[in-house]
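User: I have a chain open on my screen and would like to go through how its features get their labels. Could you take me through the reasoning, value against cut-off?

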Amino acid sequence: ETAAADCDGGVDDYAAPNKLSNSKCKAGEPITLPVNVLSRLVIEKQTIPDGLADSFDFSGTITDPINGEVAITPFALMDGGEQELTGALDATYQVTESIPDGFALDSIVCTNQTTGAPANVTTNTVTGEVTVVMSGSQFDVRCVYTNDQLPGQLTIVKNANGGNDTFSFAYGVTGQTPNAFSLTTAGGTAQQTFQITTGLGETYRVLESLTTAQVNDGWRIDSATCYYDDDPTTPIGTVQRTDPDLIAVDGFTIDAGDAVTCTFVNNAPAQLTVTKITQGGDDTFRFLTLGLPAPNDIFFITTMMGSGSNGPITVPIPDSSTGVDIDIVEDINNTPGWNLVDITCSGTDETVNSNLVDIILQPGDVVDCTFTNVADGQISVVKNTLGGDGTFGFVTDIPGATSPFSLTTTDNSA
């Protein structure tokens, strides 16, 4: 920024700044020194929240009429850091920040350091670019880039197959006290989203627990899965299950800007009733089942005035993809004199084979399987005689009856 003094047209009159040595210049004579005036741009980095350790990369160019466009040496800044760039007085500075994942560029604020007024610049917070055109009235500019750390997002979805209820959940950093909350389903679903601003970069755990009453009522946890929203086909975390009342997904990371969705699926129980209809009398009928626990693996139905039932029986459904396969068998040998004539089930499809019906129950099903029996008919043969007694032979084509048979009268009757 110094040049030779020129008192007499020569170029060697100036030996050192502020000192004349062997100069032809006379004492008190003005000295003209050509000065190369530079412009300056300072890039400052700030983060929200303050004090983050993340690094932000910058690149750009400085262009002037003499040197053309020259790339600046890329640099990186942390919160509170700054970088000084210099160029010709009429240079144009173009600087771009590579906005890292998990951050948004909140603002680029530039100030003319000479006047203290806002600088005349062009900024774009989407691309991270600022363009500063320097001049005689704007040659010292400071631009402050402020980046806002994005929160993580955790969404919990509850799907209840076959019913609705209120379900208990908790989430938090693995190993720390979790945050408890509940979801009440309507139409079989509910969800809640949480903004994660602390604990970013940590591993998380989400869990659901059924109450004792819900377990006794037949609710079962079917599944739990977590995904990053930008990759919904790849499960994250490890599923930890304690049947039938607790399930958790543990060990997934939530960084700044991440969005995670965890879906928990529960199944309401099915309700099964076995109904007995009789025609021609009443009796007690024995049933056996496959797929139902005691005491409903073997049970009896006694009809009164032609009907009776067992149920409703609560049937938990652990897995909605398969349901619960139930076989119901009437022990027809236990009630001689009755004929099983029909088996039908409402509320589901059934497969009937003789005295057995097979059904598959799904969450929320309400099923009634009806067994209809008809009592055997009876024919009585009476033999009356006049004037004496004797033995008389008979034949019949009644199925199951003895033929031929005989009746021997006593006192003129048999």
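**Reading the labels**

Analyst: Happy to. Let us start in the loop between β1 and β2, where P49 lies. The model is predicted, and the peptide bond from I48 to P49 is cis, with omega near 0 degrees. A cis bond also runs from A294 to P295, with omega near 10 degrees; P295 is in the loop between β21 (284–290) and β22 (298–302).

User: What makes F58 and Y145 an aromatic pair that is edge-to-face?

Analyst: Ring centres must lie within 6.5 Å to pair, and planes over 60 degrees apart count as edge-to-face. F58 and Y145 are 5.1 Å apart centre to centre, with 90 degrees between the planes, so the pair meets both conditions. The structure holds 13 aromatic pairs.

User: Why is this pair said to tie together parts that are 87 residues apart in sequence?

Analyst: Because F58 belongs to strand β2 (residues 56–64) and Y145 to strand β10 (residues 140–149), the pair ties together parts that are 87 residues apart in sequence. Both F58 and Y145 are buried.

User: And why is the pair of Y171 and F194 called tilted?

Analyst: Planes under 30 degrees apart would be stacked and those over 60 edge-to-face, with the rest tilted. Y171 and F194 have 35 degrees between their planes and 4.5 Å between centres, so they pair and the label is tilted. Y171 sits in strand β12 (residues 166–173) and F194 in strand β14 (residues 189–196), 23 residues apart. Ring pairs also link Y171 and F194 with F169, F181 and F264 into a cluster.

User: How do you know whether Y171 and F194 are buried or exposed?

Analyst: Buried means under 20% relative accessible area. Y171 has 10% relative accessibility, so Y171 counts as buried. F194 has a relative accessible area of 13%, so F194 is buried as well.

User: What about M305, N353 and N412: which label does each get, and why?

Analyst: Exposed means over 50%, and partly exposed covers the range between 20% and 50%. M305 is at 82% relative accessibility, so M305 counts as exposed. N353, with 56%, is exposed too. N412 has 31%, so the label there is partly exposed.

User: Where do these three residues lie?

Analyst: M305 is in the loop between β22 and β23 (307–315), and has a positive phi of about 55 degrees although it is not a glycine. N412 is in the segment after β30 (405–408); N412 is not a glycine either, yet its phi is positive, about 75 degrees. N353 lies in strand β26 (residues 350–353). N353 and V329 are 24 residues apart in sequence and 9.5 Å apart in space, C-alpha to C-alpha.

User: How do you know that the charged end of K383 sits over the ring of F392?

Analyst: One part of the test is that NZ of Lys is within 6 Å of the ring centre. The charged end of K383 is 4.5 Å from the centre of the F392 ring, so the distance condition is met. K158 lies over the face of F167, at 4.9 Å from the ring centre, so K158 passes that distance condition too.

User: Which residues touch the most other members of the largest nonpolar core?

Analyst: This core has 29 residues, and L154, I156, V206, F252, V260, C262 and F264 touch the most other members. Among the strands that each supply at least two residues of this core are β11 (152–161), β13 (179–184), β16 (220–228) and β19 (259–267). Apart from it lies another core, of 24 residues, including F56, I72, F103 and Y145. Back in the largest core, the contacts of F252 include L154, V206, V260 and C262.

User: One last topic. Why do β1 and β5 count as paired?

Analyst: At least two bridges are needed between two strands. Strand β1 (residues 38–48) and β5 are joined in the antiparallel sense over seven bridges, so they qualify as paired. The bridge partner of V42 in β5 is E84.

User: What makes β5 and β7 edge strands?

Analyst: β5 (82–88) and β7 (103–112) each pair on one side only. They belong to an open sheet of four strands, ordered β5-β1-β10-β7, with mixed pairing. The twist averages 20 degrees from one strand to the next.

Notes. Residues are numbered from 1 along each chain as its sequence is written. This is a predicted model: local features need pLDDT of at least 70, side-chain atom pairs count only at pLDDT 80 or more; totals for chains, interfaces and linings use all residues. Side-chain values use heavy atoms; hydrogens and water are left out. Buried means under 20% relative accessible area, exposed over 50%, partly exposed in between (1.4 Å probe, protein chains only). Rings of Phe, Tyr and Trp (its six-membered ring) pair if their centres lie within 6.5 Å; planes under 30 degrees apart count as stacked, over 60 as edge-to-face and the rest as tilted. A charge sits over a ring if NZ of Lys or CZ of Arg is within 6 Å of the ring centre and within 35 degrees of the ring normal. A nonpolar core is a set of buried Ala, Val, Leu, Ile, Met, Phe, Trp, Tyr and Cys residues joined through side-chain atoms within 4.5 Å. Contact means heavy atoms within 4.5 Å. Axes are lines fitted to C-alpha atoms, for helices over the stretch in contact, and angles run from 0 to 180 degrees between N-to-C directions. Lists of a residue's contacts leave out its neighbours within four places in sequence.
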